[in-house]
Amino acid sequence: MKICIRRGAKQIGGTCIEIESQGKRLILDIGQPLDSPNAESVEMPKVEGLKTPCESLLGVVLSHPHIDHYGLAFRVPTSTPFLMGAATEQILKASAIFTPSGGTFENITHLENGKTLSLGPFKITPYLMDHSAYDSYAVLVEGDGKRIFYTGDLRNHGRKVSLFTRLVANTPPGVDVLLMEGTTVSRKNSEKGFPTENDLQKEFDLIFRTTTGMPLVWCSGQNIDRLVTVFKAAKRCQRQFIIDMYTAEILRATGNSKLPQADWDGISVFLPEFQKKRLLHMDKASVADKYHSYRIFPENLKAVAKNSVMLFRPSMRTDVERAGCLDGACLVYSMWDGYLAEEKTKLFLGWLNGRGIPMYKCHTSGHASVSDLQHLRKAFASAVVCPVHTTDPMGFTQLFENVRVLTDGKLFDIN
Ligand SMILES: [Zn+2]
């Protein structure tokens, strides 16, 4: 087998890895680089079959529904076979109604935890993983008597830590190459580890108890672990959790009835003005019908502010301001710190300041700490480890044994 990292050998996101065996090829992820404004502005990786159909390209695996792993997928010829989790397919479909980044596929095979698929000379075994995206997989690719293990994005401090622990305890034997994500390798203090979602739950609990008005929680509607954390903390504080309709659709798309859903006690659905416009624009006003019985309307927000926690994003400023529900409110910022430096976020922070709304931070990384990566790497004793999804590939050589740093576009023949 041959490996070629097309993008991602020295950057976080935009991942695209090509694997070749017996003249057939497989792609692992086809992401949009995080610093690009949209998928259209990105140069497609130079891989045959990504611009025009090519029969030697047997499939594109999407490890999870984060844009830095799937963002260019909708520019690939529609006949191309895609492999992804069933929930990933539904999440991307639901996203397409509310954002420009989702979409649908014509030719799909679903990844299922532990179920090996055969594709030409390749055998692909997915491993469900703990990550901030729902339905995330690592994959074992076998061919030509060789084994490659691609971690996708993973962590060991979310709500599914048992998946990471299980992988470390039962790694597939005889793996030749470990393609391991190293998001945290360049980030200071990651050696100490990160707070767990349960740690965050306590922090949210404290903030909710000490806030007299409505806590506005700014987190990703696709960070399902975090939504569960916020819901649990809100419930303990006897506050209802008001989610926006986009988030309600994402939760529904998971198909998992154990996750908070719009029809649960303690959950209400709010339709922000920009989402309402988007539904009309997409001719999907019928989506709102599903939530008719669970809606909360702007005119009711003020009355419930003291007994609620609201999922929030800056585009909802006008909604909450008009609703007059900001007395005693606070903002809980629950995303990566790096976004705070963006110009548009600074404008929003100015808006908060102007209204005297305090901001608290409550977040944990979606990626494994360096010490967890070291445990993982040791578990794959037979493998050479190749850095992906990192800004510091050379940093791997200081932290892990038997490292081979690859370069974007250069072939690595492992036979
Ligand atoms: Zn990623």
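Which residues are linked in a network of salt bridges? In this predicted model, the network is made up of D130, R155, K160, E197, D225 and R226, and the points below take up its members together with the domains, the zinc site and two backbone details.

1. Domains. The chain is divided into domain 1, which takes in residues 2-189 and 366-413, and domain 2, which covers 197-361. Taken over C-alpha atoms, the centres of domain 1 and domain 2 are separated by 31 Å.

2. The interface. In domain 1, 21 residues are in contact with 25 residues of domain 2, and between them the domains bury about 1800 Å², of which 55% is on carbon and sulfur atoms. Of the area that domain 1 buries against domain 2, 44% is supplied by I97, F98 and R159, which is more than any other three residues supply. Across this interface there are also 3 salt bridges.

3. The network. Side chains of opposite charge can pair when their charged atoms come close. Within the network, the side chains of E197 and R155 meet in a salt bridge at 3.7 Å, N to O, while K160 forms a salt bridge with D225 in which the closest N and O atoms are 3.3 Å apart. The pair of K160 and D225 links distant parts of the chain, since K160 is in the loop between strand 10 and helix 3 whereas D225 is in helix 5 (residues 224-236), 65 residues apart. D225 has a relative accessible area of 7% and is therefore buried.

4. Other salt bridges. The structure holds 18 salt bridges, among them one between the side chains of R313 and D244, at 2.8 Å, N to O. That pair also links distant parts of the chain, with R313 in the loop between strand 15 (308-311) and helix 10 (317-323), and D244 in strand 13 (residues 240-244), 69 residues apart. R313 counts as buried because its relative accessible area, 15%, is under the 20% cut-off, and D244 is buried at 1% relative accessibility. A further salt bridge joins the side chains of E142 and R147 at 2.8 Å, N to O, and both E142 and R147 are buried.

5. The zinc site. The zinc ion has as its protein donors D68 (OD), H69 (NE2), D153 (OD) and H389 (NE2), which lie 2.1 to 2.2 Å from it. Along the chain these donors follow the spacing D-H-x83-D-x235-H. D68 lies in helix 1 (residues 67-70) and D153 in the loop between strand 10 (146-150) and helix 3 (161-169), so this pair ties together parts that are 85 residues apart in sequence. Both are buried, D68 at 7% relative accessibility and D153 at 2%. The angles among the 4 donor atoms run from 86 to 167°, and the site is irregular.

6. Backbone details. Most residues other than glycine have a negative phi. D144, however, has a positive phi near 55°, and its place is in the loop between strand 9 (136-143) and strand 10, where D144 counts as partly exposed at 33% relative accessibility. D283, also not a glycine, has a positive phi of about 60°; D283 is found in the loop between helix 7 (273-281) and helix 8 (286-289), and at 69% relative accessibility D283 counts as exposed.

Technical notes. Residues are numbered from 1 along each chain as its sequence is written. This is a predicted model: local features need pLDDT of at least 70, side-chain atom pairs count only at pLDDT 80 or more; totals for chains, interfaces and linings use all residues. Side-chain values use heavy atoms; hydrogens and water are left out. Donors are N, O and S atoms within 2.8 Å of the metal (3.2 Å for Na, K and Ca); water is not among the atoms, so sites may look incomplete. Four donors count as tetrahedral if all angles lie between 85 and 135 degrees; four count as square planar and six as octahedral if opposite donors are over 155 degrees apart and all others between 65 and 115; anything else is irregular. Helices (H or I, at least four residues) and strands (E, at least two) are DSSP runs, numbered from the N terminus. Buried means under 20% relative accessible area, exposed over 50%, partly exposed in between (1.4 Å probe, protein chains only). Domain bounds come from an automatic or database domain assignment. Contact means heavy atoms within 4.5 Å. Buried area is the accessible area (1.4 Å probe) that two parts lose on being put together, summed over both. A salt bridge is a side-chain nitrogen of Lys or Arg within 4 Å of a carboxyl oxygen of Asp or Glu.
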